[in-house]
Amino acid sequence: MTGPHVPASAAAEPARANASRVPATAAIDPRVLAAAAALPEVPAYLYDLPALDEHVAAVRRALGAVELYYAVKANPDAEVLRVLAGHVDGFEVSSAGEHAHVTGLFPGAWVALGGPGKTDAELRLPHHRLHVESPNELRRLLATGLEADVLLRLNPDLPVEGAALTMSGPFGMDEDGVAECLPLFGDRVRLRGLHTHLASGLDAEQLLGLARRLLDNAYEEVNLGGGMAVSYESPGSRFDWEAYGSGLAGLGRGRRLRIEPGRALTVYCGYYVTRVVDVKRVRGQAYAILLGGTHHLRTPATKGHDQPFTVLPDGRPDITDEPVTLVGQLCTPKDVFARNIVTSVGVGDTVVFEMAGAYAWNISHHDFLMHPKPAFHHLRA
């Protein structure tokens with residue numbers, strides 16, 4: 001195979017579903033492209049561990065005294081977690097399965113247990129912090145007779161403009177719920193502070209604006225959650241960790257502050273690599289059919305965007321410099337990776353999808369049509 005052809009990405013725009021796009025992209029590291037081209041089988045996931053290590057180290061430096069936990073739900077890959085363990089203060093888990101996975105890899109690691117609908121068995125799991133979601137959950141915790149250090153998850157009525165996803169509805173509790181919880185604490189179950197996670201897809205200034213309002217309370221410990229913006233439309237842009245860390249330092253005023261990002265830490269280290277099995281036109285629309293599909297990489301279907309990609313040509317393209325929709329092998333018209341992207345592509349070409357290091361394989365419906373599962377590879381140098 002030869003070198004890269006045309007990188008492409010775009011955010012989904014329902015009103016312009018038939019418009020072709022040639023958006024700005026970030027160049028994939030040549031190390032990654034070489035490794036992708038040499039994979040013995042595809043589809044496959046490829047994780048760039050040195051790049052992850054460098055990125056998370058920079059985030060850790062920017063945050064200063066702010067505690068950094070990783071939201072394991074974003075990507076629980078064991079090798080990814082081992083890199084993260086060298087930089088984070090702990091892990092946020094949201095189920096007994098995630099708890100067992102993390103504590104099995106890192107006995108003694110600090111673990112924050114969150115998530116709505118905890119079972120009685122989950123309330124009994126050992127943890128550094130327990131994020132309580134409701135007065136009823138707190139009462140069930142008290143009934144266990146165990147000791148626990150608790151953060152109450154607050155769902156305040158604050159406007160969140162420009163968010164990709166807002167965590168309203170059943171998550172956490174309102175101010176009345178918090179007030180109901182306060183008299184229940186004692187020597188065994190101790191209130192340490194508040195936990196919040198209001199929205200995803202916010203830039204540093206937006207998150208700092210929310211932090212200013214959330215820190216207007218008397219609690220000595222506050223977990224501000226995650227939600228740092230990640231742009232699939234512009235893979236080269238990154239959240240401004242320096243500005244965020246500096247802003248939080250000014251807001252902390254001696255408090256214990258913690259954040260728990262997921263996607264913004266690992267999304268850039270992951271790649272989904274596959275191959276073009278067919279190219280065709282249907283009523284004038286060009287399609288490239290790829291091995292695998294959104295049962296492996298559900299992110300573009302879930303978020304409604306075009307997944308950024310690079311084509312590694314295997315020979316002369318079947319289609320040259322025109323709008324192409326990249327789809328998978330599933331028997332559904334929703335199995336779309338990217339729509340109407342101007343590119344050149346041919347049967348046998350390798351396609352490398354970027355930004356597949358978070359909410360990708362682990363949120364996908366793996367067994368639909370019972371296709372083979374992808375392989376997993378880790379680039380270490």
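What follows is a short question-and-answer tour of one predicted model.

Q: Before zooming in, how many helices and strands does the chain have?
A: Keep in mind that we're reading a predicted model here. The chain has 11 helices and 19 strands. Of its 381 residues, 54% are buried.

Q: What share of the contacts join residues at least 24 apart?
A: Take the contacts between residues at least 6 apart in sequence, and 72% of them join residues at least 24 apart. As for the outside, the chain exposes about 16100 Å², and carbon and sulfur atoms supply 52% of that.

Q: Let's do strand pairing. Which strands does β13 pair with?
A: Start from β13, residues 270-282, and go through its partners. Strand β2 (residues 44-48) runs antiparallel to β13, with four bridges joining them. Strand β18 (residues 350-353) also pairs with β13 in the antiparallel sense, over four bridges. Then there's strand β14 (residues 285-290), again antiparallel to β13, this time over six bridges.

Q: Which residues could I click on to see those pairings?
A: Try one pair for each partner strand. Y47 has G270 of β13 as its bridge partner. V273 is matched with V352 in β18, and V279 stands opposite A288 in β14.

Q: How many residues sit between β13 and β14?
A: Two residues lie between them, and the two strands form a hairpin. Look at R283 in the turn, where phi is positive at about 50 degrees.

Q: Why would I flag a backbone angle like that?
A: Because most residues other than glycine have a negative phi, and most peptide bonds are trans. With that in mind, look at the loop between β18 and β19 (375-379), which holds Y359. Phi of Y359 is near 45 degrees, a positive value in a residue other than glycine. M370 lies in the loop between β18 and β19 as well, and has a positive phi of about 60 degrees without being a glycine.

Q: Is M370 buried or exposed?
A: Exposed: the cut-off is over 50% relative accessible area, and M370 comes in at 73%, so it counts as exposed.

Q: And the peptide bonds: where is the cis one from V42?
A: The bond from V42 to P43 is cis, with omega near 5 degrees. P43 is found in the loop between α1 (30-37) and β2.

Q: What does H296 touch?
A: Leave out residues up to four places away in sequence, and H296 touches P43, Y45, Y272, A360, W361, S364, P372, K373 and P374. So the proline of that cis bond is among its contacts. H296 lies in the loop between β14 and α11 (299-303).

Q: Is H296 buried or exposed?
A: Buried means under 20% relative accessible area. H296 has 1%, so it is buried.

Q: How about G348: buried or exposed?
A: Same cut-off, under 20%. G348 has a relative accessible area of 14%, so it is buried too. You'll find G348 in the loop between β17 (336-345) and β18. A handy distance to check is the one to V276: 72 residues apart in sequence, but 5.2 Å apart in space, C-alpha to C-alpha.

Q: Now empty space. How many cavities of 30 Å³ or more are there?
A: For a cavity, ask about its volume, then its walls. The count is one, with a volume of about 90 Å³. Its lining has 11 residues, and T196, L207, L210, L214 and L224 lie nearest the centre. Helix α8 (residues 204-214) gives the most to that lining, with four residues. By type, the lining is eight nonpolar, three polar and no charged residues.

Q: And the second largest pocket: which residues lie nearest its centre?
A: A pocket is read in a similar way. The second largest pocket holds about 390 Å³ of space. Its lining counts 21 residues, with D48, A51, R238, Y268 and Y271 nearest the centre. Two or more lining residues come from each of α2 (49-63) and our old friend β13. The most come from α2, with five.

Q: What residue types line that second largest pocket?
A: The lining divides into 12 nonpolar, three polar and six charged residues.

Methods:
Residues numbered from 1 in each chain as written. Predicted model: local features only at pLDDT ≥ 70, side-chain atom pairs only at ≥ 80, totals over all residues. Heavy atoms only, no water. 1 Å grid on protein atoms, 1.4 Å probe; cavity = no way out; pocket = protein on both sides within 12 Å on 5 of 7 lines; lining within 4 Å. Points joined across faces, edges and corners; volume = space filled by probe spheres on them. Nonpolar A, V, L, I, M, F, W, Y, C, P; charged D, E, K, R; others polar. Pairing = 2+ DSSP bridges. Buried < 20%, exposed > 50% of the residue type's maximum accessible area, 1.4 Å probe, protein only. Contact = heavy atoms within 4.5 Å. Areas by Shrake-Rupley, 256 points an atom, 1.4 Å probe, with all protein chains shown as cover.
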